[in-house]
Amino acid sequence: MNAPPPRLPKLTVNGCDHAVAAPPDARLSTVLRDRLGLTGTKLGCDAGDCGACTVLVDGAQACACLVPLAQAEGVAVLTVEGLAALPMGMALQSAFQALGAAQCGYCTPGMLMAAMALLQAVPRPDEAQVMAALGGVLCRCTGYRKIIEAVMAAHRFLEAPAAVPPAAGAAVGSRMARADGWPKLDGTERYGADSAPADALWLRPIRSPHARARFTLGDMAPLVARHPGLHRVLTAADVPGRNGYGIYPDIKDQPVFAEGLVRYRGDMVCALVGEREALDAIRTDELPLTWEVLPPLADPLAALAEGAPPLHQRWLDNVLTTGRVVQGDAAAALAASAHVAEGAWQTSFVEHAYIEPEAGWAQRIGDRIEVHASTQAPYMDLEEVAGVLGLPHESVRIVPTACGGGFGGKLDVAVQPMLAIAAWLLRRPVRATWSRAESMASSTKRHPARITARAGCDAEGRLTALEFEGIYDTGAYASWGPTVAGRVPAHSTGPYRVPHVRSRARAVLTNHPPSGAFRGFGVPQAAIAQEALWDRLADAAGIDRLEFRHINALRAGDSTATGQVITHSAGLAACLEALRPRWTALRAEAATANAGGGPLRHGVGIACMWYGIGNTGMSNPSTMRVTLEPGGRPTFHNGAVDIGQGSTTVLLQIAADALGLPANAFALVLGDTDLTADAGKTSASRQTFVSGRAAMEAGLALRDAILLRANAGPEARLALADGVLMVDGRPLHLDTPLEGTGRFDPPTTPLDANGQGVPYATYGFAAQIAALAVDTELGIVHLQRIVAAHDVGRAINPLLVEGQIEGGIAQGIGLALMEEYLPGRTENLHDYLIPTIGDVPVIETILIEDPEPLGPYGAKGIGEPALVPTAPAIFSAIRDATGAEITRVPALPHRILEALPR
Amino acid sequence: MAAYRRPESLAEALALLAEAPAPPLLLAGGTDLYPARAAAEAWGRMESRPVLDLSAIRETAGMSDAGDHTRIGARVTWAALREAPLPPWFDALRSAATRVGGAQVQNRATLVGNLCNASPAADGVPPLLALDAAIELASRRGTRRLPLGEFLAGNRRTALAPDEIATAVLVPHAAPGARAGFEKLGARSYLVISIVMAAAVIELAEGRIARARISVGACSPVALRLAGLETELRGMTVAEAPAVLRADHLAALSPIDDVRATASYRRQAAQVLLRRLLTRLAAPAIREAA
């Protein structure tokens with residue numbers, strides 16, 4: 001057979017013709033990105049599971065990762081970059097911006113394109129049509145509700161005037177649209193995989209397929225000789241500095257490249273560095289790599305057993321950390337209690353499933369190294385990179401790219417150390433992007449927990465005591481395991497007065513993927529146990545479940561199990577009071593629905609939460625800076641990474657009101673460790689509270705400097721007119737730059753051996769109601785409604801707060817009903833299920849504002865509080881509907897069926 | 001054969017296939033091929049087989065009424081099936097077409113590709129088994145037709161010979177007024193691999209069931225027809241049908257434990273889905289909502 005004459009495939013994208021030098025079976029997604037530079041189309045899985053790469057092919061939505069280039073020839077392709085040229089496309093983008101439908105923005109191009117296909121046929125769709133059209137795109141941030149709202153509202157934005165930005169002094173409390181929103185909507189945002197230089201080499205990790213094994217690497221020279229584009233194979237011997245990293249300064253236990261022993265499936269063995277095509281052609285079995293497979297410790301109970309081999313010589317009993325809180329005499333108090341409930345619960349690994357896989361690039365500039373990567377913690381990345389290269393901190397620059405979702409999973413380094421090593425040694429820019437399978441196998445997870453607990457109350461329903469024992473599977477390396485073990489006992493009572501407490505959590509090492517930080521740091525697992533106990537105690541005492549919680553709710557002036565007196569901003573009782581009418585109404589609706597009988601049983605559940613904002617009993621400062629150049633705009637130097645939650649907008653609102661100029665007058669300098677101070681990591685729901693307070697102080701400091709220069713009083717009004725700063729209507733000409741710096745470190749004290757102290761300066765509180773129906777023949781849960789009341793101190797931006805709550809609830813739904821990561825078995829997004837647009841019901845949000853005096857304008861955090869009560873509220877409702885006690889999480893259909901009372 | 005070919009005629013495709021030194025990968029909508037490639041490459045198992053893209057073959061486009069059966073060409077996508085004005089006995093297949101993957105997959109993936117991939121959880125199989133569909137296979141040796149149940153040889157195995165291409169699904173006409181339905185159970189709303197599926201096609205004569213064809217998917221390596229149940233239903237009214245169903249009608253199923261559900265759950269859920277399906281088909285307004 002004769003080969004056809006060579007001919008360049010021709011693509012028509014957004015109305016322009018391109019001749020493309022790519023193989024005909026190349027994925028359209030990679031052609032768009034790598035050949036045409038249209039990086040607005042995002043890659044999330046290369047398997048049609050996530051829909052992030054959705055484009056329109058001849059008007060119909062398609063995953064560009066599943067379309068061979070040859071099949072796209074001769075038909076019109078529309079990508080997100082072409083949307084703004086279409087009136088409905090622009091209207092759709094405007095609706096997304098105004099209504100807060102994009103958070104991290106990574107799924108947004110896919111959502112927009114799927115929505116566009118619908119709107120071209122149905123300009124005013126109903127909710128069911130939107131769900132059907134967008135059902136193939138996964139979002140991990142938003143909880144989908146604002147996306148649905150925006151698509152349904154898009155037609156209104158065909159002629160709507162642009163939103164008016166908040167005036168000076170009016171930013172805090174406004175539903176201001178995201179300051180960084182538009183690049184997420186027009187495809188210009190640059191994520192970890194979008195910005196590497198054209199001449200960058202690629203790095204491809206070689207990872208262990210075994211959970212526990214010894215290995216030897218032979219001579220790499222023949223492999224390098226056989227593949228001319230392979231420049232180098234990096235191994236442990238190549239690490240210039242310390243071959244280890246980890247969250248804690250004294251625990252750098254995770255090697256960049258393993259040294260003859262791997263401890264989990266996904267552990268790093270070595271890395272290939274070279275030209276993309278050459279790396280793509282190398283089969284792993286070509287490597288001189290021999291394995292001696294060892295039996296893994298696949299369960300924390302096995303790891304705790306006598307004689308179990310230690311994962312690390314440092315922890316001979318495989319116990320990484322034990323956290324403890326002891327107050328009073330729990331055993332005696334339980335013995336004297338009118339009612340006692342107890343139980344055992346088991347949860348699973350949960351995968352962050354951010355839609356953006358880990359990606360970035362590094363380059364060496366003289367004797368400095370620069371790493372551009374998707375991250376939640378630039379200064380921690382800086383320390384890790386300095387450590388593995390053996391360089392002083394000032395020789396490292398971290399430039400965060402846009403982050404396509406984190407949820408805790410991008411607090412640990414991923415690509416950063418190995419890219420830095422490669423770029424340093426090869427003196428070439430080097431880039432890497434993890435595949436979905438690699439991301440899922442190698443990245444950290446939520447700790448699976450085995451919890452046993454007992455609790456009691458008196459005849460009036462007042463809680464008397466709690467005994468709590470948690471075994472948390474922390475996997476092969478420490479990561480954030482110590483944080484989880486520390487945080488869980490301090491939160492184990494939930495937001496209630498419990499006078500006698502004996503609580504312990506252990507982080508146990510196993511040959512599983514490292515468990516790390518995931519929205520809630522172990523608290524969501526503990527809340528499942530604790531809230532189930534309260535339901536049983538309430539029933540035993542004959543008290544309504546909401547009222548039982550109201551009786552026991554922590555209030556200002558109460559003391560916690562760590563001996564801390566909560567002095568302000570404890571709005572749980574107010575949350576419950578706000579929910580009470582909805583509780584009553586939804587319970588009545590469920591009772592009516594159940595009166596007819598049938599296999600569908602309706603139920604309503606409730607759960608509460610609290611969450612300490614910031615690090616547990618440890619310093620976690622943030623520094624913010626606002627500057628004003630002569631004749632220029634104010635510039636906000638903000639080192640806090642916005643991973644979609646909205647800190648870039650919220651901190652700007654705070655700084656703007658503190659200074660007294662409108663938020664849209666500011667220039668923003670974000671994240672870059674050369675240009676911004678350390679704001680601390682984006683974790684522990686701390687950026688609004690900690691960095692927000694620092695931003696407020698910075699704005700106030702600059703304001704003071706201006707007022708001093710203008711000799712004006714504290715009430716003076718600032719304005720910018722044609723680049724000139726006006727103070728009370730009079731121009732103030734500056735000859736030198738002015739600046740204001742703010743720093744805040746929440747006041748805490750370390751916990752002692754019994755867990756006594758002040759672990760957090762403030763707490764978020766919330767209560768959520770879940771209304772649902774259980775199909776008692778199939779074990780399927782039909783969620784009908786979530787009502788969420790959250791005490792946020794002050795909602796700096798209610799639009800973004802709602803977005804956090806809706807997104808947290810969606811993740812709580814996943815945790816409760818479907819998410820179970822099994823190493824080696826669910827390493828993709830079709831076997832590992834996260835909620836789709838059809839799985840998140842209507843969410844009603846009620847914001848309670850019990851101001852926190854330490855916070856900026858009274859604000860505290862919301863990121864993690866949103867997720868914690870959802871799963872226990874769902875289980876409470878399942879129990880209400882059917883009597884089934886959910887003790888094995890997630891409550892998959894077969895588990896619910898097994899749990900139904902016979 | 002070159003690394004990639006996209007012939008426009010069946011003859012050319014069959015010639016390429018016959019002359020290929022090693023069997024190429026057959027590509028249609030790409031919704032199975034590319035995910036498999038990604039999963040393999042993630043662990044360093046690179047795919048080096050050439051690709052024969054069947055998506056431009058003229059002869060396999062479109063659907064047609066061939067007198068006593070409907071011919072569904074191999075290029076017909078789920079979306080095309082979903083939108084086509086097909087007779088009511090296609091309601092189960094149409095319902096499956098609305099629930100397989102998301103809109104992106106429905107727009108690209110083909111029904112024939114779904115059959116050739118031969119997953120135990122293939123959404124197209126139960127509805128087509130209940131329609132006694134056959135698959136048409138072409139090679140330079142000629143054309144043959146196999147009943148779908150014979151074509152599907154096991155988990156990810158078919159009777160497709162190395163030199164053959166599946167060119168069409170042939171669906172015999174059912175009796176006018178036949179009713180059909182499909183039930184799919186998964187752990188989330190969209191983009192979900194079935195835990196259990198059930199499909200039924202019921203033909204009536206003078207108010208009684210003249211023929212019932214019923215299948216269950218994702219509970220055995222290949223979806224199964226329930227012959228015992230079908231026999232018992234003959235002669236009954238549709239209203240009586242749900243009560244006939246017993247556990248022993250599902251005895252031939254061999255469900256497994258996997259990440260989605262347990263075997264015993266699948267067995268029970270299959271029975272529940274079947275009962276509900278029969279109940280639904282007994283109701284007067286039985287056209288499946290698309």
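## Where two helices meet

In chain A, five residues of helix H12(A), namely A:Asp381, A:Glu384, A:Val385, A:Val388 and A:Leu389, meet A:Gln416, A:Pro417, A:Ala420, A:Ile421 and A:Trp424 of helix H13(A). Sorted by class, the residues of this contact between H12(A) and H13(A) come to 7 nonpolar, 1 polar and 2 charged. Keep in mind as you explore that this is a predicted model.

How do the two helices lie relative to each other? H12 covers residues 378–389 of chain A and H13 covers residues 416–426 of chain A; their axes come within 9 Å and cross at roughly 45°. An angle from 65 to 115 degrees would count as roughly perpendicular, and one under 35 degrees as roughly parallel. The crossing angle therefore makes H12(A) oblique to H13(A). The crossing also has a hand: H12(A) passes H13(A) in a right-handed way.

## A small set of strands

Let's move on to a sheet in chain A. This open sheet has 3 strands in the order E9-E7-E11, and their pairing is antiparallel. Which strands sit at the edges? They are E9 (261–262) and E11 (289–293) of chain A, each of which pairs on one side only.

Now look at E7, which spans residues 213–217 of chain A. It is joined to E11(A) by 5 bridges, and the two strands run antiparallel. If you would like a spot to find in the structure, try A:Ala213, which stands opposite A:Val293 in E11(A). As a general point, the strands of a sheet pair through backbone hydrogen bonds, in either a parallel or an antiparallel way.

## Where chain A touches chain B

How many residues does each chain bring to the contact? Chain A contributes 52 residues and chain B contributes 44 residues. On the chain A side, strand E4 (60–63) and the helices H2 (69–72), H14 (436–442) and H23 (893–899) each supply at least two residues. E4(A) gives the most to this side, with 4 residues.

What kinds of residues does chain A place on the side that touches chain B? By class, there are 27 nonpolar, 15 polar and 10 charged residues.

## Chain A as a whole

Finally, step back and take in the full chain. The secondary structure of chain A comes to 23 helices and 33 strands. Measured out along its principal axes, the C-alpha trace spans about 85 × 80 × 60 Å.

What does the radius of gyration of chain A tell us? A compact globule with 902 residues would have a value near 29 Å, and chain A has 27 Å, so the two agree.

Conventions: Residues are numbered from 1 along each chain as its sequence is written. Chains are lettered from A and ligands numbered from 1 in the order in which they are written. This is a predicted model: local features need pLDDT of at least 70, side-chain atom pairs count only at pLDDT 80 or more; totals for chains, interfaces and linings use all residues. Axes are lines fitted to C-alpha atoms, for helices over the stretch in contact, and angles run from 0 to 180 degrees between N-to-C directions. Angles under 35 degrees count as roughly parallel, over 145 as roughly antiparallel, 65 to 115 as roughly perpendicular and the rest as oblique. A crossing is left-handed if the near helix is turned anticlockwise from the far one by less than a right angle, and right-handed if clockwise. Two residues are in contact if their C-beta atoms, placed from the backbone, lie within 7 Å. Ala, Val, Leu, Ile, Met, Phe, Trp, Tyr, Cys and Pro count as nonpolar, Asp, Glu, Lys and Arg as charged, and the others, Gly among them, as polar. Two strands pair if DSSP finds at least two bridges between them. The radius of gyration is taken over C-alpha atoms; the globule rule is 2.2 Å times the number of residues to the power 0.38.
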